[in-house]
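Open the model in your viewer and keep the sequence panel visible. The stops below run from the whole chain to single residues.

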Amino acid sequence: MSIVDLPPEILCQIFQSSADFSVVNALARTSRALHSIWLANSPAIFFAVAVRALPNFSNAKRLVTAQEEAHTAARPNFPAFSLSHHERFLFNARCASAACKHWDEICQVHNLDRARGDNPALRPSERARFKRSFYHLWTLSILSNTPSLRPQAFKFLDACDPVELAGLDEIATWADGYNENEFGDSGLNFKDATWNAAFQMVGQYCAWNKKEKSGHRRINVGGDEAPLGFWVFFDHTQHYLGQIRAHW
């Protein structure tokens with residue numbers, strides 16, 4: 001008995017139990033029958049796998065929700081989104097990966113290898129931290145550029161803990177001033193006015209010179225540990241996060 005002879009609901013469950021999307025892709029390319037199962041059940045399969053395969057699924061979901069709310073607010077008479085829910089997830093994930101790749105490259109160029117030895121490339125835990133802040137910043141950019149959602153932007157920042165704010169501050173500084181905005185065909189464009197509004201909001205909210213007056217000290221990590229002064233996402237600098245105050 002071949003796998004394609006199994007009932008469609010069983011085949012769908014096999015897809016949904018995949019460890020990651022590379023397995024889903026391999027199954028879908030195995031035969032026309034399995035490809036048809038993927039096409040017919042792609043949203044359910046996507047979300048079943050995404051919860052396990054995407055470390056930042058909840059952050060990615062919050063971004064998609066904000067994008068869809070902004071789309072509806074801007075076009076109340078045309079609520080249909082150009083991309084399906086899971087297609088938007090995948091598009092955003094490609095952008096996150098493109099940004100993370102550039103971050104990895106720029107950190108290595110600026111001597112991260114001195115602190116990391118023979119393996120300066122970003123580790124999975126560091127990529128997850130970076131992408132989490134990337135999703136946070138993108139969500140903030142959407143909320144801050146939609147008048148009806150702007151109050152949510154301030155609530156979003158108020159709900160961030162000090163470590164999350166440090167990550168936002170760092171990734172906004174990098175995105176605004178330390179990248180050449182070359183992300184291939186991913187569709188990511190930090191020069192878009194949508195992103196600029198988020199950069200400004202983070203800059204104002206994380207005005208460290210004002211916070212220092214009230215006892216909230218910015219942590220400066222220098223030397224080889226922090227290329228260009230960036231350090232929040234690295235494994236070897238996580239011990240510094242304990243110095244960030246637990247309140248604002």
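Start with the surface of the protein: about 12,900 Å² is exposed, and carbon and sulfur atoms supply 52% of it. Accessible areas come from the Shrake-Rupley method with a 1.4 Å probe, and for residues only the protein chains shown count as cover. This is a predicted model, in which local features need pLDDT of at least 70 and side-chain atom pairs count only at pLDDT 80 or more, while totals for chains, interfaces and linings use all residues. Residues are numbered from 1 along each chain as its sequence is written, and side-chain values use heavy atoms, with hydrogens and water left out.

Next, colour by secondary structure. The protein has 11 helices and zero strands; helices (H or I, at least four residues) and strands (E, at least two) are DSSP runs, numbered from the N terminus.

Now colour by accessibility. Of the 248 residues, 44% count as buried (under 20% relative accessible area; exposed is over 50%, partly exposed in between; 1.4 Å probe, protein chains only).

Select Val23, in helix H2 (residues 21-28). Val23 counts as partly exposed because its relative accessibility is 33%. Add Val49: the two are 26 residues apart in sequence, and their C-alpha atoms are 9.9 Å apart in space.

Finally, select the cysteines. The structure holds zero disulfides (pairs of cysteine sulfur atoms within 2.5 Å). For Cys160, the nearest cysteine sulfur is that of Cys206, 8.4 Å away. Cys160 counts as buried at 10% relative accessibility. Cys95 is also buried, with a relative accessible area of 1%.
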